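Biologist: I've got a structure open on my screen and would like to talk it through. Can you take my questions one at a time?

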Amino acid sequence: MRTDGVLDPHDPAFSGLGLELDGPVEVRGQLQVTGDDEYLWRGSVHGAVVGECRRCLSEVRAPVDLTVDAAVFSADPDAADDPDFYPLPARTNTIDIADVVREELALAAPGALMLCRETCAGLCPTCGADLNAGPCQCGSPAEPV
Ligand SMILES: [Zn+2]
Ligand SMILES: [Zn+2]
């Protein structure tokens, strides 16, 4: 079963991640029945996130390209506490891929890696001046964090 679709960036599944999605998230994948009330999803996730450069705090937009090898959904109550499974209500025929996307985004932590550019000089730890604009006035040596 194909599960291509687009997720709303304001989907509540994405709240609390500490990053903001920039535009809709495109999801392409394949859902397979692997057992009684058990499904395997694999696919890819494309989108973009907006966050702060971790050196100079300016706004950065970063692409998100994730590949999900195997996300297993199970309605088996025994699997409910197993972190390897996404819980599924019994006898459902809808599967919420947003949960998988949320999980993958949290693991990939794109916000933690964001830089406005590779050579960003960051902010002066002493006076807080943006060192990309040139040396600051306080005379501290410019050292990237
Ligand atoms: Zn920066
Ligand atoms: Zn300074």
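Biologist: How many Å separate the centres of domain 1 and domain 2?
Modeller: Keep in mind that this is a predicted model. The chain is divided into domain 1, covering 5-114, and domain 2, covering 120-145. Taken over C-alpha atoms, the centres of the two are separated by 37 Å.

Biologist: And which kinds of residue, nonpolar, polar or charged, make up the side of domain 1 that touches domain 2?
Modeller: Four residues of domain 1 are in contact with seven residues of domain 2. On the domain 1 side, there are no polar residues, and the rest divide into one charged and three nonpolar.

Biologist: How does the confidence look, and which element has the highest?
Modeller: The protein chain averages a pLDDT of 87, and 95% of the residues score at least 70. Confidence is lowest in H1, at a mean of 87. The highest value, 93, belongs to E3.

Biologist: Now the strands. How many bridges join E3 to E4?
Modeller: Start with one pair to look for on screen: Val33 stands opposite Tyr39 in E4. E3 and E4 run antiparallel, and the number of bridges joining them is nine.

Biologist: Which residue in that E3 and E4 hairpin takes a positive phi?
Modeller: The hairpin has two residues between its strands. The residue you want lies in the loop between E3 and E4 and counts as partly exposed because it has 17 C-beta neighbours inside 10 Å. Its phi is near 55°, a positive value in a residue other than glycine. That's Asp37.

Biologist: What about E4 and E5: over how many bridges do they pair?
Modeller: Here you can find Val45 standing opposite Leu66 in E5. The two strands pair in the antiparallel sense, and the bridge count is 14.

Biologist: Is Leu57 buried, partly exposed or exposed?
Modeller: Leu57 sits in the loop between E4 and E5, in a hairpin with six residues between the strands. Leu57 has a positive phi of about 65° although it isn't a glycine. Because 14 other C-beta atoms lie within 10 Å, Leu57 is partly exposed.

Biologist: E4 seems to come up a lot. Which residue in E4 stands opposite Glu20?
Modeller: Strand E2, residues 20-21, is joined to E4 by two bridges, and the strands run antiparallel. Across from Glu20 you'll find Val50.

Biologist: On to the inside. Which elements each supply at least two residues of the largest nonpolar core?
Modeller: That core has 17 residues, and those touching the most other members are Val25, Val27, Trp41, Phe73, Ile97, Val100 and Val101. As background, nonpolar side chains tend to be buried together in soluble globular proteins. The elements supplying at least two residues each are E3 (25-35), E4 (38-52), E5 (59-74) and H1 (97-108).

Biologist: Which residues is Val100 in contact with, leaving aside neighbours within four places in sequence?
Modeller: Val100 is one of the core residues that touch the most other members. With those sequence neighbours left aside, the contacts of Val100 are Trp41, Val68, Ala71 and Tyr86.

Biologist: Last one: which residues does Asp4 touch, not counting those up to four places away in sequence?
Modeller: Asp4 is in the segment before strand E1 (5-7), and it counts as exposed because it has 10 C-beta neighbours inside 10 Å. Pro110 is 106 residues from Asp4 in sequence and 23 Å from it in space, C-alpha to C-alpha. The residues Asp4 touches are Val27 and Arg28.

Methods: Residues numbered from 1 in each chain as written. Chains lettered and ligands numbered in written order. Predicted model: local features only at pLDDT ≥ 70, side-chain atom pairs only at ≥ 80, totals over all residues. Core = buried A, V, L, I, M, F, W, Y, C linked by C-beta atoms within 7 Å. Buried ≥ 20, exposed ≤ 12 C-beta atoms within 10 Å, placed from the backbone. Helix = DSSP H or I, 4+ residues; strand = E, 2+ residues; numbered from the N terminus. Contact = placed C-beta atoms within 7 Å. Domains from an automatic or database assignment. Nonpolar A, V, L, I, M, F, W, Y, C, P; charged D, E, K, R; others polar. Pairing = 2+ DSSP bridges. pLDDT = per-residue confidence, 0-100.
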